[in-house]
Amino acid sequence: MEVLRLQNLQKSFGSVRALKSASFTLNEGEVVALLGDNGAGKSTLIKAISGVFPVDRGDIYVRGQKVSIRSTRDAMDLGIETIHQDTSLAPDLSIARNLFLGREPVNLKWLGVFAPLDLAKLRDAASALLKRVGISKKLDADALVSTLSGGERQSIAISRAMQFAAKVIILDEPTNNLGVEETHGVLRFVKEVRAAGHSVLLITHNIHHVFQVADRIIVMRRGEIVAEQTVADTDLLTVESIITGADMSALLKETRAK
Amino acid sequence: MPDVKRRSSLIRSPQFSSLVILMVLLAVFAIADANFLSPLNISNMMAFLPELGIIALGMTLLLTAGEFDLSVGAVFGLAPVIVMLLVQSGQVDIGVALLAGLLLCVAIGAINGLIVTKIGISSFLVTLSMLLVVRGAALYITQGFPLKSWDQPGFFVTLLAGSFNIGTFRFYTSLWWFIALSLLAIYVLHYAKLGNWISAIGSNRNAAVARGVPADAVKIWLFILTSVLAGLAGMISAFRISAASPVAGTGYELEVIAMVVVGGTALTGGRGTILGTIVGALMLRSIRNGIVLIGVPGLAYNIFVGVIILAMLILHALLQKNAARS
Ligand SMILES: Nc1ncnc2c1ncn2[C@@H]1O[C@H](COP(=O)(O)OP(=O)(O)OP(=O)(O)O)[C@@H](O)[C@H]1O
Ligand SMILES: [Mg+2]
């Protein structure tokens, strides 16, 4: 079943047409890898979906319903959780406070933004979450994020997306800067999320990872989607050549024929 | 074990080291001049403390969110001038005049906040310009002359600048204002949801925005709060001395920022402490007061104040480095 559908998304930054026209569909329980060289427009595309900035043109459908995503809060409320490439944690806050940033457990809810944080619940939930992701042995929920390594921070950001059990989880280069073990952790997480029925949009430059976890591949070049293939129907070399643009015409024909 | 850990992190925290230095300073002044701890001198310090301290509370929240406000000293001067002009015109009641003065502060803060967040100019430049506009306005409408302030006793005068005696000590109601606002600020910054947002915005704005935190709205409200507190402090001061001078509060912006950073709040945002600010306010107050008592010539004050501030900042930086290493 279709979870997310994009139709003709366009976005320019001044004279740079970062997104010329992008359309694709993401189904329930599917992992789609979004590939493309530096500057292809991948981050721009997912920032549009997650409400970081509005698109110039085009429509977004969530479960068949046309939606307007004007803020990150809108996207979160629609069940779209994103882990951005540029780190998404506040270094001066504790792990626990970061995990619940924007969705803090509070007492006396009617006080609005002045409501007191439920510190006990915050701590307990954070510890439980860290345990679930398998990094609790090393990390204390009260530790400041500024004291963590890049890989540990990435794990925290991922646990947070998991926590809110979103329909769609978007990961922008989640294995960047990660060691071997943490990288396996992320890939395992992607599989778990799919098993739980969520959909994942994974951006990465590592094609090996794509073949380990993805069901489908979408390739972008200069702001456009130039190819779309199921992993079972393709191989590493083919995908690499699409990304770099070698022998484009033949491949485009192949894609179109489908 | 965790108890030991918590205690050592408390000892290493910036507010704690500021507190130790404050104690040392108080001891030095007390030994150097016995009058330092006399009821008269303590009452004196407590009369001045709230006026800058109240502004420093707002400034702490603003700095924690990663912005700052240089127009507070000018607002401190303008707000009571407006109130007095309105009262003297004879058309409005003093309560209405006070309200109008505070609304003007709301407007000044909102303009600061809107320009900083929506147009994206740094708060340094925006509030520096605002300082000139506001100070200029105060000078122009008074033609540079101080206004005689409202000195008939009444509800509002008592509310803002009433005084009472406890034993041989004489305290002003402004001290209660400072205490109540401090408690409120401690609650908001460290225990409320809003405080989490303020720290997150100052620490990594994009991360906060990506989690749905309304960063611009929070900043605009903090600019408004800081401006209103500066205006309130100006009114308290004007009532206390029964005069509203258009040059009142000159240079206060830097003194307030010094109080805040000396207390351990990071100038770059993300890390703020209200307790530290209270300690910082006490420290600057007692330095200014103490060096007069021990006979430092008036023109040499700022040398001492500057050196002590620098020493504090170096200490914080060293502690910070140490904490990062361990
Ligand atoms: N905020 C912005 N302002 C101006 N130009 C931008 C902005 N963000 C992206 N661009 C431009 O849009 C194009 C697409 O950038 P984008 O970040 O989407 O690439 P990407 O596919 O994510 O690349 P990478 O693999 O390096 O992360 C680039 O040419 C980039 O310079
Ligand atoms: Mg990118």
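How far is an oxygen atom of ligand 1 from a polar backbone atom of A:Gly39? The distance is 2.8 Å, and the views below start from that spot in this predicted model.

**View 1. Backbone atoms of chain A meet oxygen atoms of ligand 1.** Take a moment to follow the chain from A:Gly39, whose polar backbone atom is 2.8 Å from a ligand oxygen. A:Ala40 places a backbone N or O atom 3.2 Å from an oxygen atom of ligand 1. For A:Gly41, the corresponding distance from a backbone N or O atom to a ligand oxygen is 2.9 Å. On its own, ligand 1 has 630 Å² of accessible area, and the protein covers 62% of that.

**View 2. A shell of 13 residues surrounds ligand 1.** The residues that come nearest are A:Asn38, A:Gly39, A:Lys42, A:Ser43 and A:Thr44. Helix 1 of chain A, spanning residues 42–49, provides the largest share of this shell, with three residues. Sorted by class, the shell has seven polar residues, three nonpolar ones and three charged ones.

**View 3. Chain B and chain A come into contact.** Here we move on to the interface, where 25 residues of chain B touch 29 residues of chain A. The two chains bury about 2200 Å² between them, and carbon and sulfur atoms account for 53% of this area. On the chain B side, three residues are worth picking out: B:Lys193, B:Asn196 and B:Arg211 together supply 35% of the area that chain B buries against chain A, more than any other three residues.

**View 4. A:Glu81 and B:Arg211 form a salt bridge across the interface.** Their side chains meet at 3.1 Å, N to O. Between chain B and chain A there are two salt bridges in the count, along with 14 residue pairs in polar contact, both partners being at pLDDT 80 or more.

**View 5. Four helices of chain B each give two or more residues to the side that touches chain A.** They are helix 1 (2–12), helix 8 (174–191), helix 9 (193–203) and helix 10 (205–210). Which helix of chain B gives the most to this side? Helix 9 does, with seven residues. Looking at this side of chain B by class, you will find 12 nonpolar residues, eight polar and five charged.

Methods:
Residues are numbered from 1 along each chain as its sequence is written. Chains are lettered from A and ligands numbered from 1 in the order in which they are written. This is a predicted model: local features need pLDDT of at least 70, side-chain atom pairs count only at pLDDT 80 or more; totals for chains, interfaces and linings use all residues. Side-chain values use heavy atoms; hydrogens and water are left out. Contact means heavy atoms within 4.5 Å. Buried area is the accessible area (1.4 Å probe) that two parts lose on being put together, summed over both. A salt bridge is a side-chain nitrogen of Lys or Arg within 4 Å of a carboxyl oxygen of Asp or Glu. A polar contact is a pair of N or O atoms within 3.5 Å; within protein, one must be able to donate a hydrogen and the other to accept it, and residues adjacent in sequence count only if both atoms are side-chain atoms. Ala, Val, Leu, Ile, Met, Phe, Trp, Tyr, Cys and Pro count as nonpolar, Asp, Glu, Lys and Arg as charged, and the others, Gly among them, as polar. A residue is near a molecule or strand if one of its heavy atoms lies within 4 Å of it. Accessible areas come from the Shrake-Rupley method with a 1.4 Å probe; for residues, only the protein chains shown count as cover.
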